[in-house]
Amino acid sequence: MNNQAKITKESKNKIRADFDRAPLSERLKAKYLNTYFYKKILMSLFKFLLLLGISYVILYPFISKILQSFFSPLDMVQTDVQLVPKYPTVQTYSLLVTENGYFTALLNTAIISLVCALIQTFVCAFIGYGFAKFKFKGSKFLFVFVIATLLVPPKILASSLVQRFVHFDIFGLFEATGFYEALGLQSGIHGTYIPFLLLSVTGLAFKNGLFIYLMRQFYRGIPDELEEASYVDGYGVFKTFFRIILPCSVPMLITIFVLSFSWQWTDIFYTNIFLPNSDKVLLTSNAFWSTMPTTLKAISEEILIGNDTAQASFAAIVMNTAGMLVVAPLIILYLFCQRYLIQGIAHSGFGGV
């Protein structure tokens, strides 16, 4: 076997030496004028055109919205301006920021998104660890309910959620202690941020079923020997989870946090359910409960009153600009967390259930 490998190596070296001693024209002909080289060129060209077409389909809507957000009034009335503005301006950005409660909505959205994302990240990690490492009676049956939260459309639960939080109380304690009066509410916690927090704490918030599934798959990939060694050293279950397991799952935790933060940031469905009147006070200075999605909704309703073409064009420009203001913080967040996001997805363990 060793002799055969030695002969093969010597043969390759001899062929390489003969090729190097050949004239330049012969070497170029042998290297480029062959079927393998043509197939390689055609395959590379096909890949380039395919990726170019896919990139165009995906990126064109974003590029068009970014460019149109800089349109000036002159660009809107000129028929030859389609995508690139002739007279770019940031006036639309300035008006949206200064006259529509942007910073109030930005602060409110950042607070609720950050708090909910942190709670959901920890709760989903805790639940996912339980499903991955502990075998108990009915665990598979309970996990079916977790998957069911991904399959049931949220709109089906909208009326039930509203009724639950409009008359929410725990054994009459909130009403007896004056909890509602302290918040300026008549009854229930509907119209506040509390429903968002309760759903996050209980693992029932938007997309939490997906987060639990991802964490379960990730923790199933952690060797059991790591936990057994921790138990031998005298660590209990909770100390093992906080001191050993959580530090090992930082990339996955950051992935869950970024996804949760992004979905909460751009949420309109739950915001309209729990804060139904927030968009009616956005254009005043008292937009306490306003968030960025509801701000965008209120702006669009203020503009889209008529049906003429000029007004529709103006509404599209404003909506594009407002959309850029909404997603800009998410882009900044992604730039800082993209490495951890890719690592978390790569180690999420989608290979099996």
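# A first look inside this model

Leaving aside neighbours within four places in sequence, Ser113 is in contact with Phe261, Gln264 and Trp265. Welcome to a predicted model, in which Ser113 makes a handy starting point. From there, this briefing moves on to the cavities, the largest pocket, the nonpolar cores, the salt bridges and one loop residue.

**Starting point: Ser113**

- Ser113 has its place in helix 6, a helix that spans residues 102-133.
- Is Ser113 buried or exposed? Ser113 has a relative accessible area of 0%, and because buried means under 20%, Ser113 counts as buried.
- One of the contacts of Ser113, Gln264, will come up again at the largest cavity, where Gln264 is among the residues closest to the centre.

**Closed spaces: the cavities**

- How many cavities of 30 Å³ or more does the structure hold? There are two, and the largest cavity has a volume of about 120 Å³.
- The largest cavity is lined by 15 residues, and those closest to its centre are Gln120, Ala205, Phe206, Gln264 and Tyr270.
- Two or more lining residues come from each of helix 6 (102-133), helix 11 (194-201), helix 15 (250-265) and helix 16 (269-274).
- Helix 15 gives the most to this lining, with four residues.
- By class, the lining of the largest cavity divides into ten nonpolar residues, four polar and one charged.

**An open space: the largest pocket**

- The largest pocket has a volume of about 480 Å³.
- Its lining is made of 21 residues, and Thr149, Leu157, Leu204, Ala205 and Tyr270 lie nearest the centre of the pocket.
- You may recognise two of those names: Ala205 and Tyr270 are also among the residues closest to the centre of the largest cavity.
- Helix 7 (139-151) and helix 12 (208-220) each supply at least two residues of the pocket lining.
- Which helix gives the most to the lining of the largest pocket? That is helix 7, with four residues.
- The pocket lining has 15 nonpolar residues, five polar and one charged.

**Nonpolar cores**

- The largest nonpolar core has 21 residues, and the ones with the most contacts inside this core are Ala125, Met215, Tyr219, Phe241, Ile245, Met252 and Ile256.
- Helix 6, helix 7, helix 12, helix 14 (237-248) and helix 15 each give two or more residues to this core.
- Helix 12 gives the most to this core, with seven residues.
- For a closer view of one core member, try Met215: not counting residues up to four places away in sequence, Met215 touches Cys124, Ala125, Gly128, Met252, Leu253 and Ile256.
- There is also a second, separate core of 15 residues, which includes Ala158, Tyr193, Ala205 and Leu275.
- Ala205 is thus a name to remember, as a member of the second core and as one of the residues nearest the centre of the largest pocket.

**Salt bridges around Lys133**

- The structure has two salt bridges.
- Asp224 forms a salt bridge with Lys133, and the closest N and O atoms are 2.8 Å apart.
- This pair links distant parts of the chain: Asp224 sits in helix 13 (residues 224-232) and Lys133 in helix 6, 91 residues apart.
- Glu227 also forms a salt bridge with Lys133, with the closest N and O atoms 3.5 Å apart.
- Glu227 is in helix 13 and Lys133 in helix 6, and this pair too links distant parts of the chain, 94 residues apart.
- Through shared partners, the salt bridges join Lys133, Asp224 and Glu227 into one network.
- How accessible are these residues? Lys133 is buried, with a relative accessible area of 17%, and Glu227 counts as buried at 5%, whereas Asp224 counts as partly exposed at 41% relative accessibility.

**A loop residue to look at: Lys207**

- Lys207 lies in the loop between helix 11 and helix 12.
- Lys207 has a positive phi of about 70°, although Lys207 is not a glycine.
- At 33% relative accessibility, Lys207 falls between the 20% limit for buried and the 50% limit for exposed, so Lys207 counts as partly exposed.

Key. Residues numbered from 1 in each chain as written. Predicted model: local features only at pLDDT ≥ 70, side-chain atom pairs only at ≥ 80, totals over all residues. Heavy atoms only, no water. 1 Å grid on protein atoms, 1.4 Å probe; cavity = no way out; pocket = protein on both sides within 12 Å on 5 of 7 lines; lining within 4 Å. Points joined across faces, edges and corners; volume = space filled by probe spheres on them. Nonpolar A, V, L, I, M, F, W, Y, C, P; charged D, E, K, R; others polar. Buried < 20%, exposed > 50% of the residue type's maximum accessible area, 1.4 Å probe, protein only. Contact = heavy atoms within 4.5 Å. Core = buried A, V, L, I, M, F, W, Y, C linked by side-chain atoms within 4.5 Å. Salt bridge = Lys/Arg side-chain N within 4 Å of Asp/Glu carboxyl O.
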